[in-house]
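The exercises below are meant to be worked with the sequence and the coordinates open side by side. Each task is followed by a solution that goes step by step.

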Amino acid sequence: MTSNYTHFVAPVDETPLLATDTLKADQAPLSLWSDAWRKLRRRPLFILSALLILALTLVALFPGLFSSVAPNDGCELSNSEGGPAAGHPFGFTFQGCDIYSRVVHGTQASLSVGVLSVLCVLIVGVTIGAIAGYYGGWVDAVLARLGDIFFALPLILGALIITQLPAFRENKSVWTVVLVISMLAWPQMARITRGAVIEVRNADFVTAARSLGVSKFGALVRHVLPNALAPIIVLATLELGVFIVAEATLSFLGVGLPQSIMSWGNDIAGAQASIRTNPQIMLYPAAALSITVLSFIMLGDAVRDALDPKSRQR
Amino acid sequence: MRFTRTSKALGMVAIAALALTGCGAGGGSNDGASQSAGDPNKVITAYNSEPQNPLLPANTNETNGGRVVELLFEGLRAYDPDGKPVNALAESIESPDAQNWTIKLKQGQKFTNGEAITAKTFVDTWNFAANSKNLQNNGFFFESIDGYADVSAVTTEKSADGKTTTTPAPTAETMSGLKATDDSTLTVKLVQPEADWSLRLGYSAFYPLPSAALADPKAFGENPVGNGPYKFEKTGAWVHDQSISLVKNADYSGPRAAKNGGVTFKFYTDPSPAYTDIQADNLDITDVLPSNATKTFATDFPDRNASKAVATNGTLNIPGYNVNFQGEAGKLRRQALSHAINREEITKVVFNGTRTPAKGFAPPVIDGFKENIPGSEVLKFDAAKAKDLWAQAEKIQPYDNSKPLQIASNTDGGHKEWIDAVANGFKNNLGIQAEIQPFAKFAEVLNLRKSQSLPGLTRAGWQGDYPSLYNFLGPVWATGASSNYEKYSNPEFDKLLQEGLAAKSTTEANDKFNKAQEILFTDLPGLPLWDYAKPIVWSNNVVKAETGWNGGVLYYNITAK
Amino acid sequence: MVSFILKRLLQVIPVFIGTTLFVYYMVFALPGDPIAALFGDRQPPQAVIDTLRTQYHLDEPFWVQYGLFLQNLFTFNLGNDFTGQPIAASLARAFPVTAMLATEALLIQAVFGIAFGVFAGLRRGGWFDSTVLVVSLVVIAVPTFVLGFVLQLVFGVQLGWAKPTVGANADWGSLLLPAIVLGLVSFAYVLRLTRASVSESMNADYVRTATAKGLSRPRVVVAHILRNSLIPVVTYLGANLGGLMGGAIVTEGIFNVPGVGNKLYQAILRTEGPTIVSIVSVLVLIFVVANLLVDLLYAWLDPRIRYDQ
């Protein structure tokens, strides 16, 4: 292992100046984000994940282009748990519906639930967590304890209540699911953000920025947060998948999406009926879910690397 | 008794079924050879969940407590595995007019604490159970006895905000129709003649109780003392949330003598781990299988499973207040829905033969069951006819297709699979949108049914309290009946039921009841779907197991290896 | 430091009141009659239902019910649940089992998550990193009920290495399998958080300094890279403890663990306010204490972080 010392003392590839390091005198300095974007778009990891996500989005928006079989029609019990057949590459579900078209048509709801919930959680959780961790004192006490209150709320209870509200009772949709999930998941994001911000807020570069006249809030947004992003991104990308599966739990309890809205979660829960006889039925929606999570994990990695000044060249 | 298939953690919530085990003289169909191979002193372990109430027969109206109570007590009669009532504590039960009954008791019967069981024991117990101030769940089982109205009287107060509160206000302590003429003779006068009254006497609500139970029911229910084939292993044998341990009652002399040393009920909140435990020989018997095991239990447990038809059925009820199903068009649509359900295929594919297509409003195991009742052809799957009937209805009054037709059900008992299949049948054969309306809690469905506010159809089911045709018709479809939540009402149907009840003989009564079914087939307030079989599996540690007429395991008949 | 801890412990009071009020109100707002729901389709006489309803104060307005709950709490008598059993006794049975399960799961996910995360982070893009990525994906995409079921069948039935279910008399050994299942999803989080942190710290100045000083590689990894990477991981573990305690509904169901998750689920389905709020109250205390410990750990992990001001 000693042979690696050289790598840590002075990585060879970090020494020479690269094209990106040249300063153009006639140009305004790049902001953190546009700088990151410039780096990002050249990275193969980013390009691959972006293409995957683009493809998933296409499937979500235009499922008809990818499957000619209408997913909820023509489910014949006589095809129950049938294997692959002509025109039905993945075979049939317990109810005799075409698995392939269900996976294709389920993309929209699942992707929406995952992405929207993560966005809500990010907006609420990161804001509250960052403010709590950065300002500390009574602000921290109030916000952190507020999170504790939601932490203790059991998912099912919250879900049962929300779906009983008159506005939601007859209108179960992607949004009700997003609301339930976000309401119960933001405190975790807030705590992770708070921890990361507390870690960074005392760093030298923050002190330096403050002494250069950057406002306290400005330092939080421009210096503290970008350096606290790593755990936030990790949490967000994993939660994307966990939320899509959580929708299955909610649907199974009767408080998730209605039967007429197809989703991978619904299909995974439905495959429970076949788990002792044909467990592979569950693999197709689970595989679609894995690909989605994988592409967002890769995207997250790439974004983080691009934003992180310390691991710039890697 | 209405029931919901219990499972998951719902165990105690969604239940209304008290499983009775039959009580055959000597245990019926077990072959003697394999019996003798067993060890009569070994204790067997069995699936159960935490009982909901203290273990008092008159108060226990759910399966978990029922499994235990019926092993701890013995009644006047008992049911053999086929549902035929046989005398147990009773020497004879006679009535000249189906209204005045004389019951002679066997001599020398005792509770395990030594207390003698006499006619007075029954008088005291039944008066206790029927008295409204004792708040016994099964109190209404005594409603046929003259004087029940007085001991069960209540007052209802209406508060300022319109809420009503019912409080017990008995006007008598004893039922006038119930008398002990001597130590071994009990006379019962009913309000009106009821030919099938004596059929009920094997039901657990009628079991006798020792005097200690009447003095402090709650404490007694924690450590009950009975007269059945088993008794509590010791004081505190009920370890809450974990188990109940019973041992053989050596003094028991009735027809259900234990063929093992005892039964330990282990508590589960989900049937799936119990199934796995039996695979690993960690548990000896379960009568509740996980819903996804219907296709595998026969191969997972070759030679260690049984599946016997029981007195339980399932229906799909169509609320009369749904405008789409009213009038002449509604009648045609109800028929169309019935013809659009492929009962044959669903029972085969979804239930793997553990249910059989319904042939009437009562299951075939019930005495008096008749096949091909006029009108029952509506139960046959016929896609073309369904389409045709639907089209005819469309001409009379167009169907409101703005929302999918919803089928309400709790989702925790393995109902989703068959409801999806039925909904797909409606979609494919009638061209309408249909889907399950899922609820996390059975209570929510019940609530909406009671308040007449379900938007679509609802799942329903009935498990027989006692083996009688009337029990499948009266409590469910009679006007104002306790479990007639959709409020179906047809005076002609009610009249036939009353005539049947007052009939002098069971045959005559059953004729009336089957006549009444013809009216149900015309009106179709609910669509009969299928009748249940009760699959059970057992471990390598026991020789054999079987179920009684209503699906309860005959625990006393199991021999350990 | 002491005043910091005292201050934090005092904050338990508003959190406690907020949570119990919030949760109790939610239960109160649930539609349906919980007493009628106890009985399924065959309802007992109305007098039975009404008497029980009065007995459990279900006709009282919300504030009265909540007040009675608080009163019960301060007299250390949580009252009875709807089946007439004392709540305190049933919680005293359930919490130790769940505490064991959660501790075991927490240890498993912490030890394996951090160890694997460090290796993956040190060699980003290597075969080990790719393998654990796939494992994380599987753990996330395959729901707990499937993972639990498969592990139970393989280890409990086919191989016979473990008892397939827990049941009465739970001990560390019988809880191992459920603890693994329970810890798996969080394991993926711990692993990826560690990995991200480690790969970030590897380029930090203090690591270069340490290496330049001539410290051995293991020492650099453990004392410098790992210690400085642990803050998000520790935060996550602390935040997750409550989830392990109260959220093990599926796992406890599969393995028949008589624990808190099971109790809570049944209480929710029965709309049993006092039981739900009693459980949640204990969970809140656990959260607050766990989060306090995490905050104290921050200062130990990173000396720049201070609370005494």
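**Exercise 1: the setting of one asparagine**

Asn48(B) is found in strand S1 (residues 43-48) of chain B, where helices (H or I, at least four residues) and strands (E, at least two) are DSSP runs numbered from the N terminus. The model is a predicted one, in which local features need pLDDT of at least 70 and side-chain atom pairs count only at pLDDT 80 or more, whereas totals for chains, interfaces and linings use all residues. Residues are numbered from 1 along each chain as its sequence is written, while chains are lettered from A and ligands numbered from 1 in the order in which they are written.

Task: decide whether Asn48(B) is buried or exposed, and find which residues Asn48(B) touches.

Solution. Step 1: apply the burial rule, by which a residue is buried if 20 or more other C-beta atoms lie within 10 Å of its own, exposed if 12 or fewer, and partly exposed in between, with C-beta atoms placed from the backbone. Because Asn48(B) has 25 other C-beta atoms within 10 Å, Asn48(B) is buried.
Step 2: apply the contact rule, which asks for C-beta atoms, placed from the backbone, within 7 Å. Leaving out residues up to four places away in sequence, Asn48(B) touches Asn64(B), Arg67(B), Phe265(B), Lys266(B) and Phe267(B).
Step 3: as a distance check, the C-alpha atoms of Asn48(B) and Asp216(B), 168 residues apart along the chain, are separated by 26 Å.

**Exercise 2: an enclosed helix and the residue after it**

Task: establish how many residues of helix H7 (residues 271-279) of chain B are buried, what covers them, and what phi Asp281(B) takes.

Solution. Step 1: 9 of the 9 residues of H7(B) are buried, so this helix is largely enclosed by the rest of the structure.
Step 2: the cover over these buried residues includes S1, strand S14 (285-286), helix H8 (297-300) and strand S20 (526-538) of chain B, together with helix H8 (144-158) and helix H12 (249-254) of chain C.
Step 3: just after H7(B), Asp281(B) takes a positive phi of about 55 degrees, and Asp281(B) belongs to the loop between H7 and S14 of chain B. Most residues other than glycine have a negative phi. Since Asp281(B) has 14 C-beta neighbours inside 10 Å, Asp281(B) counts as partly exposed.
Step 4: for a second case, turn to Thr271(C), which has a positive phi of about 55 degrees although it is not a glycine. Thr271(C) is placed in the loop between helix H13 (260-269) and helix H14 (273-301) of chain C, and Thr271(C) is buried, with 26 other C-beta atoms within 10 Å.

**Exercise 3: strand pairing in chain B**

Task: find in which order the 4 strands of the open antiparallel sheet are arranged, and in which sense strand S17 (residues 405-410) and S18 of chain B pair.

Solution. Step 1: two strands pair if DSSP finds at least two bridges between them, and the order in chain B is S4-S5-S9-S8. The edge strands are strand S4 (90-94) and strand S8 (178-182) of chain B, each of which pairs on one side only.
Step 2: S4(B) and strand S5 (residues 100-105) of chain B pair in the antiparallel sense over 4 bridges, with Ala90(B) standing opposite Leu105(B) in S5(B).
Step 3: S17(B) and S18(B) pair in the parallel sense over 6 bridges, and the bridge partner of Ala408(B) in S18(B) is Gln437(B). In strand S18 (residues 434-439) of chain B, 6 of its 6 residues are buried.

**Exercise 4: the whole chain and its contact with chain C**

Task: find how many helices and strands chain B contains, and how many residues each chain brings to the contact between chains B and C.

Solution. Step 1: chain B has 16 helices and 20 strands, and buried residues make up 60% of its 561 residues.
Step 2: along its principal axes, the C-alpha trace of chain B spans about 75 × 55 × 50 Å.
Step 3: the contact takes 52 residues from chain B and 43 residues from chain C. Strand S7 (164-168), H7 and helix H13 (442-450) of chain B each supply at least two residues of the side of chain B that touches chain C.

Conventions
Contact = placed C-beta atoms within 7 Å.
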